[in-house]
Amino acid sequence: MGCQRNGFKKENFILSVDVGTTSIRCHVYDKEAKIQGACTTKVVPLYPEVGYVEMDPDAIWKGFVTVVKGAVQDAGVQMRQIDALGISTQRGTFTTWDRRTGVPFHNFISWQDRRAANLVKSWNSSCTMKAIKGVMKMLYCVTRQKRMLAASLITFSTQHVTFRLVWALTNYKQVRQAVAEGNCCFGTIDTWLLFKLTKGEVHATDYSNASSTGIFDSYQVWCKCIDIFSKFWCEFFFVISMADQQAAVFGECCFDVGDVKITMGTGTFMDINTGSKPHTSAAGLYPLVGWKIGSEVVYLAEGNSADTGTAIKWAQELELFSDVRDTSSMACSVSDSDGVCFVPSFSGLQVPLNDPKACASLMGLKPSTTKSHLVRAILESVAFSKVSCSVIECAVFLPFCLRMDGGVSSNDFVMQLTADLLGRKVARPQNCEMSCLGAAFIAGLGVGFWKTKEELKKLQSTDEAFLPKGTSKSGAHSPSQEYIPVLQSWERAIQRSMNWYKP
């Protein structure tokens, strides 16, 4: 593709923005999916009270505009050479705003926010929920519909938008008044950006973001969300949005049933392609819509841990190390963690434990404990968070090779330990920012920049692959038994960290 100007053919590009929890980044991609220009700015989280995590909507918008302009300038191209803009956003972070003026009523309430923890706890333990679960279990026994089984197992979480939205409606008078007047817009970050980009003409979301809120029923794709290929004209180019983890799955080209990607950024997210039907989990994996392209709907099963990158950043601020790149060698410099266990639950515990009152903790400290032992314990906790009953439950899905991305995937110790624990080959891509690439792939397919998924697969590049220890030449593999006692100690530490904070 290209545009003709003054007799010369100019190359065209795809622009992609990823609005994450700690940063907003923009990349300019060429036909080979190589980055030709980039720009990044930080997201400044706000902590007005203990357990509250917010973001300034205007700051998010200004950051978005800044990185778009910066990346295009860095690439040395003009806006007319951009065919489409793909946007991937963190999920479950929402705000409300005035429909007429576009002015937010309050800050974005982050997916990490725990202000609704008491409300979540009261609902999970309520007689109403117990009755609903009992009825749904009986209906499942009669109908054998997996949707009924899912309803009988559901446990609410503070990561779901539902209860934080109830909190906002209860505590913000101006929101209640705007709702009564029919003048209130609600939306996650993708909705807010689309609203701003189209100067208030479009108030919409897509299936991938909607299915991550806890409001949308993934078993019935019926609501008026935008199709992944619904495009909005924004002065220069078409715009397509997608949730960040689903975008990362697409960026890793996990198009087939059983394909798995693990993203380790601010949090750890494991997503399994379950095909055309949502997976009903007994261990807490959440069914999501991966993407909807035309009539094709692809589902994912997801488990997550919220504080992977947060834990490493915290350790760095404590000066356990000066450069993150040193952590792998520090962990390898000792044979074990000297019995130290670290629980990285700064934002509580997610599935399958679902305890927003859990605390982060270091246990098993001794006079012999060194910085290297502490660093190893922290890195071990990152890998352990992925090896839960959720993973074991879906072991049937796991292929021989898993793909891992995100900033923490640059750590060789974590990569090797993950391979050993799962008994699987773990591949790290050359470009670890898969959410940005996935949004670019989606946008590019939507405008014909790339033609097929097979073409996208050919653009994949692997930086390094980590094989589980003891893998034979025939490819035989099984999870490492070496770490079972350590993993069991870590699980005991988790139990002691639960229900720490008072209601």
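1. Across which strands does helix α9 lie? In this predicted model, α9 (residues 244–251) lies across β13, β14, β15, β16 (296–305) and β19 (401–405). Its direction makes an angle of about 60° with β15.

2. The strands just named belong to an open sheet of seven strands, in the order β15-β16-β14-β13-β19-β20-β21. Pairing in the sheet is mixed. The edges are formed by β15 (286–293) and β21 (462–466); each has a single partner strand, so one side of each is left without a neighbour in the sheet. From one strand to the next, the twist averages 30°.

3. Within the sheet, β13 (residues 260–264) pairs with β14 (residues 268–275) in the antiparallel sense, over five bridges. Ile262 stands opposite Met270 in β14.

4. A helix pair is the next item. Two packed helices are described by the angle between their axes and the distance between the axes. For α12 (residues 371–384) and α14 (residues 412–422), the angle is about 45° and the axes are 9 Å apart. Angles of 65 to 115 degrees count as roughly perpendicular and those under 35 as roughly parallel; α12 and α14 are therefore oblique to each other. The crossing of α12 past α14 is right-handed.

5. On the α12 side, the contact is made by Arg376, Leu379, Glu380, Val382, Ala383 and Phe384. These meet Phe413, Val414, Leu417, Thr418 and Leu421 of α14. By class, the residues of this contact are eight nonpolar, one polar and two charged.

How values were computed. Residues are numbered from 1 along each chain as its sequence is written. This is a predicted model: local features need pLDDT of at least 70, side-chain atom pairs count only at pLDDT 80 or more; totals for chains, interfaces and linings use all residues. Side-chain values use heavy atoms; hydrogens and water are left out. Two strands pair if DSSP finds at least two bridges between them. Helices (H or I, at least four residues) and strands (E, at least two) are DSSP runs, numbered from the N terminus. Axes are lines fitted to C-alpha atoms, for helices over the stretch in contact, and angles run from 0 to 180 degrees between N-to-C directions. Contact means heavy atoms within 4.5 Å. Angles under 35 degrees count as roughly parallel, over 145 as roughly antiparallel, 65 to 115 as roughly perpendicular and the rest as oblique. A crossing is left-handed if the near helix is turned anticlockwise from the far one by less than a right angle, and right-handed if clockwise. Ala, Val, Leu, Ile, Met, Phe, Trp, Tyr, Cys and Pro count as nonpolar, Asp, Glu, Lys and Arg as charged, and the others, Gly among them, as polar.
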